[in-house]
Amino acid sequence: MRQLPAGLGSPTLLGCKVGRPVTVPFNAKDAAGQDSSDSELELSTVRHQPEGLEQLQAQTKFTKKELQSLYRGFKNECPTGLVDEDTFKLIYSQFFPQGDATTYAHFLFNAFDADGNGAIHFEDFVVGLSILLRGTVHEKLKWAFNLYDINKDGYITKEEMLAIMKSIYDMMGRHTYPILREDAPLEHVERFFQKMDRNHDGVVTIDEFLETCQKDENIMSSMQLFENVI
């Protein structure tokens, strides 16, 4: 049974307090830390060829050897070099068999699919992973805002926040302690907006989001969990 710690509405930012907000198809954290004897990425064996090592190094905070290890793991799970949404949902649901992770996986997929083309490329994957594992607090918060901003219009509405919260509770299923009430997601959203919506216009801007999060100890603590959830 998964226990829900206390915090900002539990779950807090990105669902960090109720499980894994981001799970990838292989142990990316180990891959990013292990050594490699390969001289270059093996680009010729996949249909989608990722950008060159130097360009990916410039875009991320991974070393050449780390990128090589990450690529091997990615290619092993995704031989075509691409992950579509159905595959992503299937992989993600394996980590939450007690609940329904479909909707949350959909939102998470869209956050990784930076160019919105319906597939996660290796470039999308490592750029997002770099932010979550080694990004600054500011970068992580901007990534989180993008996840919550479902329609990508630059604002988070109550409806968007509620959709994310419901998807997290659905993903966790009934195996949580304490047992979640049906109105818990809505209560979380109301608390969120009381803190974030400074001018009470019904939406949260990126500036409101960043300012409030960086002043809230509970949210800042939850951001540190990113290093342990991938």
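This is a guided tour of a predicted model, one selection at a time.

**Whole chain**

Start with everything shown. The chain has 11 helices and 6 strands. Of its 230 residues, 49% count as buried. The chain exposes about 11,100 Å², and carbon and sulfur atoms supply 48% of that area. Among contacts with a separation of 6 or more, 70% join residues 24 or more positions apart.

**Confidence**

Colour by pLDDT. The chain mean is 76, and 70% of the residues reach 70 or more. Select strand S4 (residues 155-157): confidence is highest here, at a mean of 97. Strand S1 (residues 2-3) is lowest, at 40. Now take residues 1-26, where pLDDT stays under 50 and the model has 100 contacts beyond four places in sequence. Residues 35-47 also stay under 50, with 32 such contacts.

**Helix H4**

Go to helix H4 (residues 85-93) and pick Leu90. Leu90 counts as exposed because its relative accessibility is 55%. Add Ala105: the two C-alpha atoms are 8.9 Å apart, across 15 residues of sequence.

Stay in the helix and select Lys89 and Glu85. They form a salt bridge, with the closest N and O atoms 3.2 Å apart. The two residues are 4 apart in helix H4, so about one helical turn separates them. Lys89 is partly exposed, at 22% relative accessibility.

**Asp113**

Move to the loop between helix H5 (102-112) and strand S3 (119-121), and select Asp113. Which side chain of opposite charge is nearest to this buried residue? It is Lys152, 9.8 Å away, and Asp113 has no salt bridge. The Asp113 side chain instead reaches the backbone nitrogen of Gly118 at 2.8 Å. Beyond its neighbours within four places in sequence, Asp113 contacts Gly118, Ala119, Ile120 and Asp124.

**Salt bridges across the chain**

The structure holds 7 salt bridges. Select Glu139 and Lys61, whose closest N and O atoms are 3.4 Å apart. This pair links distant parts of the chain: Glu139 sits in helix H7 (residues 137-148), and Lys61 in the loop between helix H2 (53-59) and helix H3 (64-77), 78 residues apart. Glu139 is partly exposed at 31%, and Lys61 is partly exposed at 39%.

Next, Lys195 and Asp216: their side chains meet in a salt bridge at 2.6 Å, N to O. Lys195 is in helix H9 (residues 184-196), while Asp216 is in the loop between helix H10 (206-215) and helix H11 (217-223). Lys195 is partly exposed at 35%, whereas Asp216 is buried at 10%. Finish with Arg198, Glu211 and Lys215, joined into one network by salt bridges that share partners.

Note on methods. Residues numbered from 1 in each chain as written. Predicted model: local features only at pLDDT ≥ 70, side-chain atom pairs only at ≥ 80, totals over all residues. Heavy atoms only, no water. Buried < 20%, exposed > 50% of the residue type's maximum accessible area, 1.4 Å probe, protein only. Contact = heavy atoms within 4.5 Å. Areas by Shrake-Rupley, 256 points an atom, 1.4 Å probe, with all protein chains shown as cover. pLDDT = per-residue confidence, 0-100. Lys, Arg positive; Asp, Glu negative; His and termini not counted. Salt bridge = Lys/Arg side-chain N within 4 Å of Asp/Glu carboxyl O. Polar contact = N/O pair within 3.5 Å; in protein donor to acceptor, adjacent residues only side chain to side chain.
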